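Hi,

Here is the structure I promised to pass on. Have a look at it first, and then read on for what I found.

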Amino acid sequence: MWVLLRGGSPFRTLLPLRGEWMGRRGVPRSLVPGPPRRRYRKEALPALDVPVLPVTATDIRQYLRTHGIPFQDGHSCLRAPSPFAGASQHKDHAGGTTSFSLFIDKTTGRFLCMASLAEGSWEDFQASVEGRGDATKEGVLLSKAPEPVDSEEVRRIWDRAVPLWELPDPQEAQLARVMFGLSKVTDDTLKRFSVRYLRPARSLVFPWFSPGGLGLRGLKLVGAEGQGDGVHYVETTIPRPGAFHNLFGLPLINRRDVEVVLTSRELDSLALNQSMGLPTLALPRGIACLPPALLPYLEQFRRIVLWLGDDLRSWEAAKLFARKLNPKRCSLVRPGDQQPRPLEALNQGLNLSRILRSALPAWHRSIVSFRQLREEVLGELSNVEQAAGVRWSRFPDLNRLLKGHRKGELTVFTGPTGSGKTTFISEYALDLCTQGVNTLWGSFEISNVRLARVMLTQFAVGRLEEQLDKYDEWADRFEDLPLYFMTFHGQQSIRTVIDTMQHAVYVYDICHVVIDNLQFMMGHEQLSTDRIAAQDYIVGAFRKFATDNSCHVTLVIHPRKEDDDKELQTASIFGSAKASQEADNVLILQDRRLVTGPGKRYLQVSKNRFDGDVGVFPLEFNKSSLTFSIPPKSKARLKKIKDDNGLVAKKPSSGKKGAVSQNSETCLDQAPNA
Ligand SMILES: Nc1ncnc2c1ncn2[C@@H]1O[C@H](COP(=O)(O)OP(=O)(O)OP(=O)(O)O)[C@@H](O)[C@H]1O
């Protein structure tokens, strides 16, 4: 897990919350070096800086021109001669020589020297060009990439793994091939990609070689578990996922290759390469993200086909990645019955070359006709569940009303002061994050340490104070979540916040931003008209951000001051009606006691642009786990109400049966899914 730090340094730096711990799930203990098992690593991960002043491609070009540095304009990077490469080092990853070995990311200004592997921020580069301070030295120092602390472990696992065809027991080899769907993948292909098999872990081992073949930087182990009729793959990487930047297949790429197919799994790359003979690369973390650190390695390709998988999430990821890669050179394979992922296509005997030829250009003009949209509409209609977004695992009632959490939407959340808004929204976001929704938190009111503590308690569903011996275990798992925090505290300008969000979307493929709460961006305007205008502007900015970046924004807004004994409604959100108009969803945490009995709160969905279903459901607060999710066995009542004017009556229905809505259309008694 990473935290955006802001301190005296000229950079806001993204750093791990508490060093980096080695998680070893999936790898047998016997393969983990003896105690101490866990080590604290300070510099193992690349330092990713967020410049205080965002840089644009125009700024970078201007700077290079002013300093007489020649450059070539690439797809996502600018290429220039590297001050960090000695003349003898001018070799690219494919072993060819090149004099323009410095790649500068057009969006962030971060650089990577392919010859020496030096990397740094745009400020580092400027300082080095201007010969300021230690910067040149710093760049050179960075180039001497530290030997990874795990190298011993990586080597040890690699040495114990064997090629599949060398397994002494043919039955075992056969079983492994079946489990991984490799029946049609030849030994030659496995050999070419240096894939091995680790018998004790029953896992395939995919190596990560340093560019230029200078040794082993890491490994990915993929284990297969039977799940019903299908197989579920479990991945373990060394180093851990955040630092695992292997583009699998890179050593096989020739520097003259101009086309490549990107896949989300190593196994798919094997299948594609074998049947098409095409250059293919597998992304290190599948559809979860495309780290910008990989972009320089993809610069040489004039055409990139993304064939990531067979579901809507893969399709959405492909569209997002294409933006980063420059959509003009990208084509996307659309998931469909006759277009499964490459390994399945090979196993089903489908024509892979036909599927590749049907890839659609990612580039959209501003005006499209229905002809261009019809396939996309069909995709949504035939995958209704997936089109509804990621479903909560802890809040079945939210699924019932909102259907899911979708990209690009704006959710406004309000509730009385101290009613538990932060606590609820923390669990709501955590739930999605545990399902792979990359999440960025902007907690302006409470410190990140406190927020992380609440979240960790919710994650463990219990008080960790009383079981400190389990702390590391939970913290290790928590740390692997795709969860990031901004370190802003107190008042912040909306520009700075949006810039940081933009950066996080680019670098970490964030798809959910939580802002708690909007009032911290409103400045100190005294007049209420100024305040309302300021809020409208801010809501508009978040709305635009959500749409432009296909990123969900959940915005906490305080309510206006109202009578304590009145229920809140959409109109109770502070400010003008802009917030509720712009929002796709409006959620209200009601803390009126709708039912006799202490501690009852209700969540009201009072706007739902996706399909219009609105309603309320009870939330039971559990003080020890700080959770609101309903324990699986208890019964909940869900009411559908007609519209937002229909306020929930305070009159309790008989006893435990729950609340009744004055305007209620339907009143369902239902048990939530466990
Ligand atoms: N339903 C509940 N019953 C009792 N205590 C609760 C409940 N929900 C939250 N709390 C506790 O109340 C405190 C305040 O909760 P929280 O910070 O989430 O409220 P909030 O609505 O975000 O507050 P604010 O209006 O100041 O932003 C926390 O200590 C939390 O554990």
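The chain averages a pLDDT of 78 in this predicted model, and 76% of the residues score at least 70. Confidence varies along the elements: strand E14 (residues 280-282) has the highest mean pLDDT, 97, while strand E29 (residues 664-670) has the lowest, 28. Two further stretches deserve your attention. Residues 1-49 have a pLDDT below 50, and that stretch has 98 contacts in the model beyond near neighbours in sequence. Residues 87-97 are also below 50, with 26 such contacts. Where pLDDT is low, please don't read the predicted coordinates in detail. For the model as a whole, the scores are ipTM 0.93 and pTM 0.73.

Now to the overall build. You will find 20 helices and 29 strands in the chain. Of its 674 residues, 43% count as buried. If you take the contacts between residues at least 6 apart in sequence, 65% of them join residues at least 24 apart.

Then there is the ligand. Which residues come nearest to the ligand? They are Gly-420, Lys-421, Thr-422, Thr-423 and Phe-621, out of 13 residues around the ligand. Helix H15 (residues 421-433) gives the largest share of this shell, with 3 residues. By type, the shell divides into 8 polar, 3 charged and 2 nonpolar residues.

Happy browsing, and write back whenever you like.

Best wishes

Note on methods:
Residues numbered from 1 in each chain as written. Predicted model: local features only at pLDDT ≥ 70, side-chain atom pairs only at ≥ 80, totals over all residues. pLDDT = per-residue confidence, 0-100. Helix = DSSP H or I, 4+ residues; strand = E, 2+ residues; numbered from the N terminus. Contact = placed C-beta atoms within 7 Å. Near = placed C-beta within 6 Å. Nonpolar A, V, L, I, M, F, W, Y, C, P; charged D, E, K, R; others polar. Buried ≥ 20, exposed ≤ 12 C-beta atoms within 10 Å, placed from the backbone.
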